[in-house]
Amino acid sequence: MTRQNESTVLFDALGPKGRRRSLIASIISGVVILGLLAWAAFGLAGNGFFEASRWVNPLDVLVIETTWIPAILATLEAFALGSLVAIVLGVVIGFGRISRFMPTRAASTVYVQFFRSLPLVLLIWISFTIDGHFGFTSEVLGWDGDARRLTFLVLGLGIYNGAILAEILRAGVAALPPGQAMAGYAVGLSHGQVQRLIVLPQVLRNMLPAVLAQLVILLKDTSLGYVITYPELLHSANIIGRDYGNSFLQALVIAALIYFALAYTLSKLVVYAERRLRKKTATPAKAVERIEMAVSNQIAT
Amino acid sequence: MFDNFELMAEALLEGARVTVVVTLASYAIALAIGMLLVVMSVSPAAPARWAANAYTQLFRNIPLLAVLFVMYFGLPSIGIETTSWGVGLVGLGMYTGAFVGETLRSGINSIPLGQAEAARSIGLTFGQSLQTVILPQAVRVVIPPLGSLLIALVKNSALVLAVGVTELTAMSRRLIEDDQSRFDLWGVIIGVTVSYLVIAFVLSYLVRLAERRAAFVR
C-alpha cells in the first residue's frame, strides 16, 4: 500500500458512491473558488485595475533602471549583510547558551530572551532614532543617510535573527543523540574538541534547513527598512506609486510579486536541503523528527 | 528621565492594550483560517487542495508589510470599504493563518502511521479513529508551535502601525516625536521595552501552562 498522507489510511478505498461524492465535492469546491476569484477579478477590472497603461507606466525601462533594479539590489544587500551578522551572532550566542561557564550562559540567555521579545520593527526604528538623536554616525563618522539606514537595518536584522538562530542551533544540539558526545569523551577528546569536531559539524548540517528557513524570513523582513526609509523594494514601490498616481496599487503588487519570486526561490532551497538531510545523514529518523519539530517551533514572523 | 511620567505611562498602557487586543483578535482569525486550510488540504476535492496550497505559498513568501499595504489600498477597488483596524486584524490574521495551517498539518503528519493503522485494525470508523486516536495526540503535538506563533504574533502586530493602528510601537513613536517634546527619549524606550517584555513573558507563561496540561508520556 502506497502512502501519501495520513488520511488515506483512515478510511477504506472509496467505492463507486464515494467516488461520485468526492467528484461532486471537487466540482462544487472548484466552482466556489473560481467564483471568488472571478468576483475579485471583476471588481478589480471594474476599477480599471488591469488597464494596460497602469502596468506599463511603472514598468517603463527608465523606471526599471533607475528604481526597480537598485531597489532589488538594496534589498539583496540588506539581506546578505543581515544574514552574515545573524549567522555569526547565532553561532556565538548559540554556543554561549550551552557553555560550561555560567556567566557566558547567563549572558547569552538574557540576550536571546530580550531580543526575541521585541518586535523587529521597533529594534530597527529605535536604534536608528537613538543614533539620530546623538548624531554619532552622521557627525562623528560622517556617514550619509543611506549608509546610516543600511547600517541600522542590517544591525536590527542581524541582532534579532541572531537570537533566533541561536535558539535553532541550541535545539539542534539538544536533538543530537547524546551518544555522539559521549563517544567523543570516551576516546579522550576534551570538551572543546568534542564541541568543535563532533557536535558543531553535525548540528550545522542537521539544522541547515531550519537556518535557511529563517533566512527566508530575514529576506521578507528586509521590507521593514520601510520604516526608516531605506530604499528597499517596498519603499521604492511606494515612491513609484506616488510618482504615477494611477498605478499605486499596481506598483505595490509588482513589489509583492518580486518578493514572492525571491523568497520562493530561497524556500525551494530549503526543501532541497531537507531532502538531502533525509537521504544523506546517519542521523536516526527519530532525531530528524525532533529537528523538524524544533524547526516548526521556530516559525517566527 | 521620566518626564511627565503619568502621561507617558497612560499612553503606553493604552498602546499595550491595543497590541494585546490586535494580537488576540487576529490570532482567533488565524486559527479559524488555519483550520479551514488544513481541512481543505486533506480533503479529497482536488481544487480545495490546490487553493489551500496556493494560499499558503502566497502568504508565506510575501512580507507581512506588503500584504497589509496591498490589502489596504487594494480592497477598496473590489468594493470593500476598509478601516485601519479591519485591514490590520484581517491582514495579520490571514498572514498568520497560513503558518497556523502548516503547523496543524505537520502536527497531524507527526502521528506515527501505526497509530492510524491500529485504530483501523480494531474496527474504528474514520470518524472514531480521528476522534479518539489521531486528534488527541495531534493537539498535544501542535500546542508548542502554536504557542510560539502566538508570541511571534505579538511582535508582528507592531506592523499594523503601517496602516494606522496606534499600537504600542506606534504609540512610543508618537511619544518620542511629540511636538512639545514632553517625553524623554530613554524614558519612552525603557517603557516600551518593558511593556513588550511583560506581554511576551506573560504569554509565554500561559503557553507553558497549556503545554504542561497537555503533556503526555509516549
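## Two helical chains, one question at a time

Trainee: How many residues does each chain bring to the contact?
Mentor: Keep in mind that we're looking at a predicted model. The contact joins chain A and chain B, and both sides have been counted. Chain A gives 48 residues, and chain B gives 50.

Trainee: Which helix of chain B supplies the largest share of the side that touches chain A?
Mentor: There are several to pick from: helix 2 (46-60), helix 3 (64-74), helix 4 (84-109), helix 5 (113-121), helix 6 (126-156), helix 7 (168-176) and helix 8 (185-214) of chain B each put in at least two residues. The largest share is 10 residues, and it belongs to helix 6 of chain B.

Trainee: How many residues on that side of chain B are nonpolar, polar and charged?
Mentor: Sort the residues of chain B that touch chain A by class. You get 3 charged, 12 polar and 35 nonpolar.

Trainee: Where is the kink in helix 6 of chain B?
Mentor: Start with the length: a straight helix of 31 residues would span 45 Å at 1.5 Å a residue, but helix 6 of chain B spans only 38 Å between its end C-alpha atoms. There's also a kink of about 45 degrees in this helix, shortly before the proline Pro136(B). The residue at the kink is Ile134(B).

Trainee: How far does helix 6 of chain A reach from its first C-alpha to its last?
Mentor: Careful, this is another helix 6, the one in chain A, residues 120-134. With 15 residues, the expected value is 21 Å at 1.5 Å a residue. The reach in the model is close to that, at 22 Å.

Trainee: What do the buried residues of helix 6 of chain A pack against?
Mentor: The buried ones are Leu120(A), Val121(A), Leu122(A), Leu123(A), Ile124(A), Trp125(A), Ile126(A) and Phe128(A). Their packing partners come from both chains. In chain A they are helix 8 and helix 11 (208-221), and in chain B they are helix 6, helix 7 and helix 8.

Trainee: Which residue follows helix 6 of chain A?
Mentor: Look at the backbone angle just past the helix: phi there is positive, near 60 degrees. The residue is Gly135(A).

Trainee: Which helix gives the largest share of the largest nonpolar core?
Mentor: That core has 132 residues, and the members touching the most others are Ile124(A), Leu252(A), Leu65(B), Ala66(B) and Leu68(B). The largest share of the core is 15 residues. It comes from residues 145-175, which is helix 8 of chain A.

Trainee: Which residues is Leu68(B) in contact with, leaving aside its neighbours within four places in sequence?
Mentor: Leu68(B) is among the core members that touch the most others. Skip the sequence neighbours and you're left with a list in chain B. It reads Val87(B), Gly91(B), Leu159(B), Val160(B), Ala162(B) and Val163(B).

Trainee: Is Asn61(B) buried or exposed?
Mentor: Asn61(B) sits in the loop between helix 2 and helix 3 of chain B. Away from its sequence neighbours, it is in contact with Tyr259(A), Phe260(A), Ala263(A), Tyr264(A) and Ser267(A). Now count: the cut-off is 20 or more other C-beta atoms within 10 Å. Asn61(B) has 22 such neighbours, so it counts as buried.

Trainee: Why does Thr229(A) count as partly exposed?
Mentor: You'll find Thr229(A) in the loop between helix 11 and helix 12 (233-243) of chain A. Its phi is positive, near 50 degrees, although the residue isn't glycine. A buried residue needs 20 or more C-beta neighbours and an exposed one has 12 or fewer. Thr229(A) falls in between, because its number of other C-beta atoms within 10 Å is 14.

Trainee: What separates the C-alpha atoms of Val21(B) and Glu167(B)?
Mentor: Val21(B) is in helix 1 (residues 5-42) of chain B, and its 15 C-beta neighbours inside 10 Å make it partly exposed. Along the chain, Val21(B) and Glu167(B) are 146 residues apart. In space, their C-alpha atoms are separated by 9.4 Å.

Trainee: How many helices does chain A have?
Mentor: Chain B has 8 helices and 0 strands. Chain A has 0 strands too. Its helix count is 14.

Definitions and conventions:
Residues are numbered from 1 along each chain as its sequence is written. Chains are lettered from A and ligands numbered from 1 in the order in which they are written. This is a predicted model: local features need pLDDT of at least 70, side-chain atom pairs count only at pLDDT 80 or more; totals for chains, interfaces and linings use all residues. Two residues are in contact if their C-beta atoms, placed from the backbone, lie within 7 Å. Helices (H or I, at least four residues) and strands (E, at least two) are DSSP runs, numbered from the N terminus. Ala, Val, Leu, Ile, Met, Phe, Trp, Tyr, Cys and Pro count as nonpolar, Asp, Glu, Lys and Arg as charged, and the others, Gly among them, as polar. The expected span of a helix is 1.5 Å times one less than its number of residues. The bend at a residue is the angle between axes fitted to the seven residues ending there and the seven starting there. A nonpolar core is a set of buried Ala, Val, Leu, Ile, Met, Phe, Trp, Tyr and Cys residues joined through C-beta atoms within 7 Å.
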